[in-house]
Amino acid sequence: MPNFICVTCGTQYPESEQPPARCPICEDERQYVGPNGQQWTTLEALLPDHRLVIEPVEPRLYRLKPEPKVGIGQYAHLVQTPEGNILWDCVPFIDAAAVDAINELGGIRAIAISHPHFHTVMVEWSRAFNNAPIYIHEGNRRDVARPDAAIHYWEGDSLPLWDGISLVHCGGHFLGSAVLHWRDGAEGRGVLLTSDTIDVVADTRYVTFMYSYPNAIPLPPAKVRAIVDAVEPFPYDRIYESFGLMVDGDAKAKVNVSAERYIRAITEGL
Ligand SMILES: [Zn+2]
Ligand SMILES: [Zn+2]
């Protein structure tokens, strides 16, 4: 039986004869059902005319992009460390060529996912890499569309996975939204992989924090402050979000200034 994938968001569901009736991820206020209504595909249907592009971003960091785009066009990142590689976030596509290419880079020791817009086909990725554990914050358990034994739910403020790699719970966009701290990134000054938790904006001196990006629903000041406070203990100089933008240099100061500007904008106005 096929595992259907929602065309709009890229979320894969448990095996079923017929496509699911609806996609709760898309029906949520943070997403949207496409203009032509709910549509479904499968990995098998995507295989013939898609591929995974793996591009180097900085030493020991790679960006993974399905081409042409699948779902919301989300990217994943692969971080290489001496103790193994971590896949940060997931994309709604995988094929044998992608698995071979990533094995050339050292394979995948673990998968960690920021929030449900990146759950995509995570179970397929885990199975392709020796059932690699998938780390998801407990706060996002209710939004897992395809439960699996490989998923490890973690609780608390942060989870050190191994030397130099930690997950940090921030909340905001989703209850369980998390970021990845890579201590040795940015030439040792530290990198945050932030996904939709802290999003880099067009003026890349700034970031933003939203409940919904496509529907432009902001977060209240307390939740913005909670995100900033959560990442404060971790040294970082550079940020990568998951659609290709980055903050390069003085990232922590820029996050703090952005949060102040944001809170001013939604309270008294700029
Ligand atoms: Zn969907
Ligand atoms: Zn999102």
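The exercises below, each with a worked solution, concern a predicted model of a protein.

**Exercise 1. Overall dimensions**

Compare the radius of gyration of the protein with the value for a compact globule, and describe its extent and burial.

Solution.
- Step 1. For 270 residues, the globule rule gives a radius of gyration near 18 Å. The protein has 18 Å, so the two agree.
- Step 2. The C-alpha trace spans about 50 × 45 × 30 Å along its principal axes.
- Step 3. Of the 270 residues, 41% count as buried.
- Step 4. Take the contacts between residues at least 6 apart in sequence: 55% of these join residues at least 24 apart.
- Step 5. The secondary structure comprises six helices and 19 strands.

**Exercise 2. The seven-stranded sheet**

Give the strand order of the open sheet of seven strands and state which strands stand at the edges.

Solution.
- Step 1. The order is β3-β4-β5-β6-β7-β8-β9, and the pairing is mixed.
- Step 2. The edges are taken by β3 and β9 (151–154); each has a single partner strand, so one side of each has no neighbour in the sheet.
- Step 3. From one strand to the next, the twist averages 25°.
- Step 4. The mixed pairing can be followed at individual strand pairs. β3 (residues 51–58) pairs with β4 in the antiparallel sense over seven bridges, and R51 stands opposite E67 in β4.
- Step 5. Four bridges join β4 to β5 (residues 76–79), again with the strands antiparallel. Here the bridge partner of L61 is V79 in β5.
- Step 6. β7 and β8 (residues 134–137), by contrast, run parallel and are joined by two bridges. In β8, I134 is the bridge partner of I111.

**Exercise 3. Strand β4 and its surroundings**

Decide whether β4 is enclosed or open, then characterise Y62 and the hairpin that β4 forms with β3.

Solution.
- Step 1. β4 covers residues 61–67, and five of its seven residues are buried, so the strand is largely enclosed by the rest of the structure.
- Step 2. Y62 lies in this strand. It has 20 C-beta neighbours inside 10 Å; the threshold for a buried residue is 20 or more, so Y62 counts as buried.
- Step 3. Residues up to four places away in sequence are set aside. Y62 then touches I54, E55, P56, V57, H77, L78 and L105.
- Step 4. The hairpin of β3 and β4 has two residues between the strands, and R60 takes a positive phi near 70° there.
- Step 5. As a distance check, Y62 and K252 are 190 residues apart in sequence and 22 Å apart in space, C-alpha to C-alpha.

**Exercise 4. The six-stranded sheet**

Give the strand order of the open sheet of six strands and describe the pairing of β11 with β12.

Solution.
- Step 1. The strands follow the order β10-β11-β12-β13-β18-β19, with mixed pairing.
- Step 2. β10 (158–162) and β19 (246–248) each have a single partner strand, so they stand at the edges with one side lacking a neighbour in the sheet.
- Step 3. Neighbouring strands are turned by 20° against each other on average, direction ignored.
- Step 4. β11 (residues 165–169) and β12 (residues 178–182) run antiparallel and are joined by five bridges. S166 stands opposite H181 in β12.

**Exercise 5. A residue in a loop**

Locate S114, classify its burial and list its contacts.

Solution.
- Step 1. S114 is found in the loop between β7 (110–112) and α4 (122–128).
- Step 2. It has 30 C-beta neighbours inside 10 Å, so S114 counts as buried.
- Step 3. Without its neighbours within four places in sequence, S114 is in contact with D89, S177, A178, V179, S195, D196 and T197.
- Step 4. S114 and N256 are 142 residues apart in sequence; their C-alpha atoms are 21 Å apart in space.

**Exercise 6. Packing of two helices**

Classify the packing of α5 against α6 and describe the residues in contact.

Solution.
- Step 1. α5 (residues 221–231) and α6 (residues 251–267) pack at an angle of about 175°, and their axes are 10 Å apart.
- Step 2. Angles over 145 degrees count as roughly antiparallel, so α5 is roughly antiparallel to α6.
- Step 3. From α5, P221, V224, R225 and V228 take part; they meet V255, N256, A259, Y262, I263, I266 and T267 in α6.
- Step 4. These contact residues divide into eight nonpolar, two polar and one charged.

Notes. Residues numbered from 1 in each chain as written. Chains lettered and ligands numbered in written order. Predicted model: local features only at pLDDT ≥ 70, side-chain atom pairs only at ≥ 80, totals over all residues. Pairing = 2+ DSSP bridges. Axes fitted to C-alpha atoms, helices over the stretch in contact; angles between N-to-C directions. Buried ≥ 20, exposed ≤ 12 C-beta atoms within 10 Å, placed from the backbone. Parallel < 35°, antiparallel > 145°, perpendicular 65-115°, else oblique. Contact = placed C-beta atoms within 7 Å. Nonpolar A, V, L, I, M, F, W, Y, C, P; charged D, E, K, R; others polar. Rg over C-alpha atoms; globule rule 2.2 N^0.38 Å.
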